[in-house]
Amino acid sequence: WSDLAQVCAKYCSPTKAKITSERSEGERLSPEIYNSVPIEAALVAAAGFQQYLAAGKFFAYEYEDPEMNEDTELADWLYEEQEGVYSTLNNSNFDEKNGQFFQDLVVLPGATMHSESDPDDIVRFESIPFEEVLISTNAKGIVDELHRMFRYTVRQAYGRWGDKCGKVITELFNKNKLSEKFTFLHSV
């Protein structure tokens, strides 16, 4: 899928067209782009998805057992939990990262969103660049493995994991050598 994704990104989302080819920071985009319609179409589609979420509540909780849904006390508790999830999403970076995710989703096969605990915002989201991810499915076609290889500077790694990032990175951080990059592997 990498070759197809590279072509799609090249014409529809050129800033993300670094899947099978490397680009230097600040390098000009492809001179082969003569028409901005695919780029604009991808942005409009992503904005439409984002607007749909912003227009109202996009999920609701209910019990599987219809009798439980009719119990006022249980229904009130479930509604409070639902509102808690909405509050958590609204006070996180969900909207920003979901917008990036939608930009990938309309162009690239296998757009990926990651979430993890955050001490300040309860949860933090990240739209993972396509070129960093390998997704695997089981015999039923269900995604059951994801592997991500990415690079962080010493500053980024220490900022994310603190002393848990390893001895070498911790030593470099303490020596104020923050710009050296390391490759990390995240497998789920």
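Select Asp76 to begin, and you will find this residue in helix H4, which covers residues 72-90, where helices (H or I, at least four residues) and strands (E, at least two) are DSSP runs numbered from the N terminus. Asp76 counts as partly exposed because its relative accessibility is 43%, given that buried means under 20% relative accessible area, exposed means over 50%, and partly exposed lies in between, with a 1.4 Å probe and protein chains only. Before going further, note that this is a predicted model in which local features need pLDDT of at least 70 and side-chain atom pairs count only at pLDDT 80 or more, while totals for chains, interfaces and linings use all residues. Residues are numbered from 1 along each chain as its sequence is written, and side-chain values use heavy atoms, with hydrogens and water left out.

**The charged patch around Asp76**

Extend the selection to Asp71, Glu73, Glu80 and Glu81, which together with Asp76 form a negative surface patch. Patches are made of residues with over 30% relative accessible area and no salt bridge, with like charges joined within 9 Å and nonpolar side chains (Val, Leu, Ile, Met, Phe, Trp, Tyr) joined within 5 Å. Lys and Arg count as positive and Asp and Glu as negative, whereas His and the chain ends are not counted; the place of a charge is taken as NZ of Lys, CZ of Arg, CG of Asp or CD of Glu.

**Along helix H4 to Glu83**

Staying in helix H4, select Glu83, a residue that is partly exposed because its relative accessible area is 24%. Which residue forms a salt bridge with Glu83? The partner is Lys57, and the closest N and O atoms of the two are 2.5 Å apart, a salt bridge being a side-chain nitrogen of Lys or Arg within 4 Å of a carboxyl oxygen of Asp or Glu. This pair links distant parts of the chain, since Glu83 is in helix H4 and Lys57 is in the loop between helix H2 (37-54) and helix H3 (66-70), 26 residues apart. For a sense of scale, draw a distance from the C-alpha atom of Glu83 to that of Gly141, which lies 58 residues away along the chain, and the separation is 33 Å.

**The salt-bridge network**

The structure holds eight salt bridges, and side chains of opposite charge can pair when their charged atoms come close. Select Glu116 and Arg160 next, whose salt bridge has its closest N and O atoms 2.8 Å apart. Here too distant parts of the chain are linked, with Glu116 in strand E1 (residues 112-118) and Arg160 in helix H6 (residues 154-161), 44 residues apart. Glu116 counts as partly exposed because its relative accessibility is 22%, whereas Arg160 is buried, with a relative accessible area of 18%.

Then select Asp118 and Arg124, which form a salt bridge with the closest N and O atoms 3.2 Å apart. Asp118 counts as buried at 14% relative accessibility, while Arg124, at 27%, counts as partly exposed. Salt bridges that share partners join Glu116, Asp118, Arg124, Glu126, Glu132, Arg148 and Arg160 into one network.

**A nonpolar patch**

Move to Leu105 in helix H5, which covers residues 94-105; Leu105 counts as partly exposed because its relative accessibility is 39%. With Phe49 and Val106 added to the selection, the three residues make a nonpolar surface patch of about 230 Å², the accessible areas coming from the Shrake-Rupley method with a 1.4 Å probe and, for residues, only the protein chains shown counting as cover.

**Two positive phi angles**

Most residues other than glycine have a negative phi. Select Ile122, where phi is near 70°, a positive value in a residue other than glycine; Ile122 lies in strand E2 (residues 122-128) and is exposed, with a relative accessible area of 56%. Asn176 also has a positive phi, near 65°, and is found in the loop between helix H7 (167-174) and strand E5 (181-187), where Asn176 counts as exposed at 59% relative accessibility.

**Zooming out**

Finally, show the whole chain, in which there are seven helices and five strands, following the pattern α-α-α-α-α-β-β-β-β-α-α-β along the sequence. The C-alpha trace spans about 60 × 50 × 35 Å along its principal axes. The radius of gyration is 21 Å, although a compact globule of 188 residues would have one near 16 Å; the radius is taken over C-alpha atoms, and the globule rule is 2.2 Å times the number of residues to the power 0.38. Of the 188 residues, 28% count as buried.
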